[in-house]
Amino acid sequence: MITNLHDARLAPLTDLDDAEEAVRPVARSMVRLIGATVRLQYPDAAHLVLHRSADDEEVYLMAVRDAEGTDLITFSPYADYEPFPKPVPQELAELWGDLDPHLPGSVESLAQRIDAALGLDYVATPAMHPGEENLNRTPLGIPLLDAEVPSWPITWPRFVGTTRRLRNQGRALARLIADTLNAQYGGSAAYLVLNENDSRDFMGIISIRDGDGKILFEFGDDDALLPSLPDDSPLMEAWGQLDPADPRTLSRAIQGLYQTGHTFDWTPDGLPNEDAPSEEQCLLLSAAARPDWWGLIDEESQTLVRPYSAPRPRS
């Protein structure tokens with residue numbers, strides 16, 4: 001479990017933009033590292049196929065396929081993976097740091113990190129099996145580009161370090177959002193209610209609510225502005241050239257968190273206000289806010305942004 005956000009400094013949105021720009025080239029290099037590793041085992045491999053679990057939304061290995069979609073190896077979702085058949089040369093193994101590239105689980109772990117940083121696309125149509133395109137969860141794919149070890153150091157430790165910096169910047173931005181909204185609403189803002197679209201590529205903002213679930217601001221009116229902050233506020237300085245009274249600034253910040261793989265809490269049942277939302281994604285903004293499930297911080301400690309919350313009950 002991580003201490004999460006209470007020690008995070010206030011940071012401008014541009015810090016997250018910079019961190020995102022830093023992680024993406026490294027993540028793309030990790031795609032090449034997977035390609036070099038898997039094609040060493042299966043020279044005809046063209047696609048690493050994965051499925052996204054409905055239980056935890058993580059991606060898991062499904063198969064390695066050639067360009068025409070023939071399975072070269074399949075992976076059982078409920079069994080331990082067998083090691084790959086061929087030894088891995090030392091110069092390639094060194095790029096994996098503490099992970100063992102002879103184990104499919106290491107490839108899966110790296111694929112999950114790439115998914116968090118870049119998002120994975122559906123597997124290419126020529127490599128799909130009949131009927132897969134119409135599944136509720138269409139298989140995802142990572143292209144396996146070549147079997148040559150790249151000449152510059154695209155190492156696992158470098159990737160981990162870069163993504164760690166991205167997570168730290170995301171947590172700092174989430175705290176900036178929470179502190180700004182509470183300054184705008186005199187400390188009464190508790191929940192920023194969100195809505196993920198059906199195609200799972202955009203996180204919208206719905207409303208700001210107090211600790212009882214009462215609406216303080218509802219998004220949707222293009223002309224409506226949030227309360228302004230004093231020009232000399234440190235929060236104004238943190239937002240740089242962006243205006244935190246403009247709802248589009250808040251939308252950009254939330255979308256930045258979402259697209260860099262950060263996850264959010266869910267609104268709890270039983271808030272006093274009769275119109276309070278239930279089971280909607282949200283960002284907790286103050287000590288008056290409680291999550292639907294306290295344990296989410298344990299399950300998603302690397303990606304969950306929870307700037308503040310009510311004290312966790314003793315178990």
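A residue counts as buried when its relative accessible area is under 20%. That cut-off will be needed at several stops of this tour, which moves through a predicted model.

**Whole chain**

Begin with the complete chain in a cartoon view, where seven helices and 10 strands can be traced. The radius of gyration is 22 Å, close to the 20 Å that the globule rule gives for 315 residues, so the chain is as compact as a globular protein of that length. Along the principal axes, the C-alpha trace spans about 65 × 45 × 40 Å. Colouring by accessibility would mark 50% of the 315 residues as buried. Of the contacts between residues at least 6 apart in sequence, 62% join residues at least 24 apart.

**The largest nonpolar core**

Next, select Ile34, Leu48, Leu110 and Phe159. These are the residues with the most contacts inside the largest nonpolar core, a set of 35 residues. To see where the core comes from, display helix 1 (13-41), helix 3 (104-118) and helix 4 (156-184), together with strand 1 (47-52), strand 2 (59-65) and strand 5 (140-143); each of them supplies at least two residues. Helix 1 makes the greatest contribution to this core, with nine residues.

A second, separate core may be shown in another colour: it has 31 residues, and Tyr185, Phe217, Ile254 and Phe264 are among them.

Return now to Leu110 and show its surroundings. Leaving aside residues up to four places away in sequence, Leu110 touches Met30, Leu33, Ile34, Trp96, Trp156 and Phe159. Two of the names in that list, Ile34 and Phe159, also stand with Leu110 among the residues with the most contacts in the largest core.

**Thr180**

Select Thr180, which lies in helix 4. Is Thr180 buried or exposed? Its relative accessible area is 2%, and a residue is classed as buried under 20%, so Thr180 is buried. Apart from residues up to four places away in sequence, Thr180 touches Leu229, Leu235, Trp239 and Pro244.

**The largest cavity**

Keep Thr180 on display, as this residue also belongs to the lining of the largest cavity. The structure holds one cavity of 30 Å³ or more, and the largest cavity has a volume of about 40 Å³. To outline the space, add Ile177, Leu181, Gln184, Leu226, Trp239, Pro244, Thr249 and Leu250 to the selection. Trp239 and Pro244 thus appear both in this lining and among the residues that Thr180 touches.

Which elements give two or more residues to this lining? They are helix 4 and helix 6, and helix 4 provides the largest share, four residues. Coloured by class, the lining shows six nonpolar and three polar residues, with no charged ones.

**The second largest pocket**

For the last stop, select Gly220, Asp221, Asp222, Pro247 and Arg248. Of the 13 residues that line the second largest pocket, these lie nearest its centre. Strand 8 (215-218) and helix 6 (247-259) are the elements that give two or more residues to the lining. The largest share, three residues, comes from helix 6. About 280 Å³ of space lies in this pocket.

How is the lining of this pocket divided by class? It has six nonpolar, two polar and five charged residues. For contrast, toggle back to the lining of the largest cavity, where there are no charged residues. Helix 6 can stay on display for both views, since this helix gives two or more residues to the lining of the cavity and three to that of the pocket.

Methods
Residues are numbered from 1 along each chain as its sequence is written. This is a predicted model: local features need pLDDT of at least 70, side-chain atom pairs count only at pLDDT 80 or more; totals for chains, interfaces and linings use all residues. Side-chain values use heavy atoms; hydrogens and water are left out. On a 1 Å grid over the protein atoms alone, a cavity is a set of points where a 1.4 Å probe fits but cannot get out, and a pocket is an open set with protein on both sides within 12 Å along at least five of seven lines; lining residues have an atom within 4 Å of a point. Grid points are joined across faces, edges and corners, and a volume is the space filled by probe spheres set on the points. Ala, Val, Leu, Ile, Met, Phe, Trp, Tyr, Cys and Pro count as nonpolar, Asp, Glu, Lys and Arg as charged, and the others, Gly among them, as polar. A nonpolar core is a set of buried Ala, Val, Leu, Ile, Met, Phe, Trp, Tyr and Cys residues joined through side-chain atoms within 4.5 Å. Buried means under 20% relative accessible area, exposed over 50%, partly exposed in between (1.4 Å probe, protein chains only). Contact means heavy atoms within 4.5 Å. The radius of gyration is taken over C-alpha atoms; the globule rule is 2.2 Å times the number of residues to the power 0.38.
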